[in-house]
Amino acid sequence: MSRENPFFTRREFIASAAAGAAIATLPSFGAPQSKGAKSSYFVSVLGDTHYDTEPENVYHSKYDYNNRWAKVVKDEFYRNGVMWREFCPSLMAASAKIAEKKRPDFILQVGDLIQGDCGDPVVHKKMLDDCIKKFIAYYKRPYPFLTVIGNHDFRGKGARKAYFEYMNPYNDKEIEKITGVKPEKARYPVFSFRHNGDLWVFCDFETKAIDKISEIIEGADDARHVFLVTHGPFVLCPSASPYAWRLAGRYVSEESRKRLYIALSRRHAIVLSGHIHTTTYYRIENEYGGFTEASVSSVYSSKRRETAEPIFNKVEDYKLKGKMGQSEVALFKSGMKEFYHSIGSGHYRLYVTDGGVALEFYPGASEKPAKTFIMKKLKKA
Ligand SMILES: [Fe+2]
């Protein structure tokens, strides 16, 4: 399938990198639309949120502290307590304020919505319910709220079953609000829906069913844009040595990952992920076309996170520690044209048009975008 080069030239990209510039200049030109669809829309985006509260025993009184991870987990409870007392309420308020200006079609959270670790399925469901009610209350209008499953969302005794019992009917309801159509049941490991001519695919990032994701994308030639939402990144993340911290990292063969690499590239797809608690962006071009990925984070646990200053912003700096995954790193790196990696966290806004897709990054509780990532840009026909 031949596709136009979806990106700015290097010069255009640099010229547009000032906050908001790319959004303002994205032109709109004639991709086919389904009847009644809008040609452009916004999505408010939140990264990992690890919702929790103080004191620790509100959600964790039944947590079993007799395990080797207890110290790490207890530190996370503490971090979350500070975060949801001091920082994240203002982040949510800022996201809501931005939403009021441009009215998103929905709010998207990229997984690890809650901390989990409740040790009891009833408490786990309550944590999910409290969290969603609290989050949507920040927004002045009843925007649909969608979240993809993250590892914390089902962490703890009986939590996976509890998550699906709560979230499956919830997702059906929210997707119907977005699309206006009663969906086929949205069930993990992979589900998808169409919105304004775009394909949105959501997956459990620990799935073995990665070929199913490729199949859905390969079968959607008529979609305007293709979005893949996965908690664990597809592109191997450049911090530490978390080889398993990737889409289907623990389970599948390199061939299945390569198939998805090709499927995404042929459609110039946009991957939205989280999990690594950084703001990270990749733009890849290759013989099949190319794709972009943005990993986003709302783990706003200190002022230190309130930055858009990159730790890395050169492709040469993209590397992974450890021996695992080096052949994939070489594959990603061979086509990588842009790489940005910051410890910054905040909130984000996606702007989708016929002409392309951009993602604004608002560090911390900022109401001004500090960075705009071009996720896709079509050349004029
Ligand atoms: Fe995670």
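**Figure 1. Strands 5 and 6 lie side by side in this predicted model.** Strand 5 (residues 198-203) pairs with strand 6 in the parallel sense, and the pairing runs over 5 bridges. To find your place in the ladder, look for Phe202, which stands opposite Val229 in strand 6. On the other flank of strand 5 comes strand 4; these two run antiparallel and are joined by 6 bridges. Here a handy landmark is Ser192, which stands opposite Val201 in strand 5.

**Figure 2. The strands of Figure 1 belong to an open sheet of 7 strands.** Reading across the sheet, the order is 4-5-6-7-9-8-10, and the pairing is mixed. Strand 4 (190-195) and strand 10 (336-342) are the edge strands, each pairing on one side only. On average, neighbouring strands of this sheet are turned by 15 degrees against each other, direction ignored.

**Figure 3. Strand 6 is largely enclosed by the rest of the structure.** Its span is residues 226-230, and 5 of the 5 residues are buried, so the strand has the rest of the structure largely enclosing it. Follow the side chains along the strand: Val226, Leu228 and Thr230 point one way, while Phe227 and Val229 point the other way. Residues on both faces are buried.

**Figure 4. Arg194 sits in strand 4.** Is this arginine buried or exposed? Arg194 is partly exposed, because 18 other C-beta atoms lie within 10 Å, and a residue needs 20 or more to count as buried. Setting aside neighbours within four places in sequence, Arg194 is in contact with Thr179, Leu199 and Ala223. Ile178 is also worth finding in this view: it is 16 residues from Arg194 along the chain, and the two C-alpha atoms are separated by 9.4 Å.

**Figure 5. Helix 7 and helix 8 pack against each other.** Helix 7 covers residues 210-218 and helix 8 covers residues 254-266; they pack at an angle of about 20 degrees, with their axes 9 Å apart. That angle makes helix 7 roughly parallel to helix 8, since angles under 35 degrees count as roughly parallel. Helix 7 passes helix 8 in a left-handed crossing. From helix 7, the contact is made by Ile210, Asp211, Ile213, Ser214, Ile217 and Glu218. Helix 8 contributes Ser256, Arg257, Arg259, Leu260, Ala263 and Leu264.

**Figure 6. Helix 8 lies across several strands.** Which strands does helix 8 lie across? They are strand 6, strand 7 (270-273), strand 8 (279-286) and strand 9 (289-295), and helix 8 runs at about 100 degrees to strand 9. Leu264, one of the helix 8 residues in the contact with helix 7, is a good anchor for this view. Not counting residues up to four places away in sequence, Leu264 touches Ile217, Leu228, Ala269, Val271 and Phe291.

**Figure 7. The largest nonpolar core holds 98 residues.** Val201, Phe227, Leu228, Val229 and Leu264 touch the most other members of this core. Helix 4 (residues 70-102) supplies the largest share, 10 residues. As general background, nonpolar side chains tend to be buried together in soluble globular proteins. Stepping back to the whole chain, 49% of the 381 residues count as buried.

**Figure 8. A second open sheet is formed by 6 strands.** Their order is 3-2-1-11-12-13, and the pairing is mixed. At the edges are strand 3 (145-147) and strand 13 (371-377), each pairing on one side only. Neighbouring strands of this sheet are turned by 20 degrees against each other on average, direction ignored.

**Figure 9. Strand 1 has partners in strand 2 and strand 11.** Strand 1 (residues 41-46) and strand 11 pair in the antiparallel sense over 6 bridges; among the matched residues, Ser44 has Arg349 as its bridge partner in strand 11. With strand 2 (residues 106-109), strand 1 pairs in the parallel sense over 4 bridges, and here Leu46 has Gln109 as its bridge partner.

**Figure 10. Strands 11 and 12 pair in the antiparallel sense.** Strand 11 spans residues 346-353 and strand 12 spans residues 356-363, and 8 bridges join them. One pair to pick out is Gly346 with Pro363, which stand opposite each other.

Key. Residues numbered from 1 in each chain as written. Predicted model: local features only at pLDDT ≥ 70, side-chain atom pairs only at ≥ 80, totals over all residues. Pairing = 2+ DSSP bridges. Axes fitted to C-alpha atoms, helices over the stretch in contact; angles between N-to-C directions. Core = buried A, V, L, I, M, F, W, Y, C linked by C-beta atoms within 7 Å. Buried ≥ 20, exposed ≤ 12 C-beta atoms within 10 Å, placed from the backbone. Contact = placed C-beta atoms within 7 Å. Parallel < 35°, antiparallel > 145°, perpendicular 65-115°, else oblique. Left-handed = near helix turned anticlockwise from the far one by under 90°.
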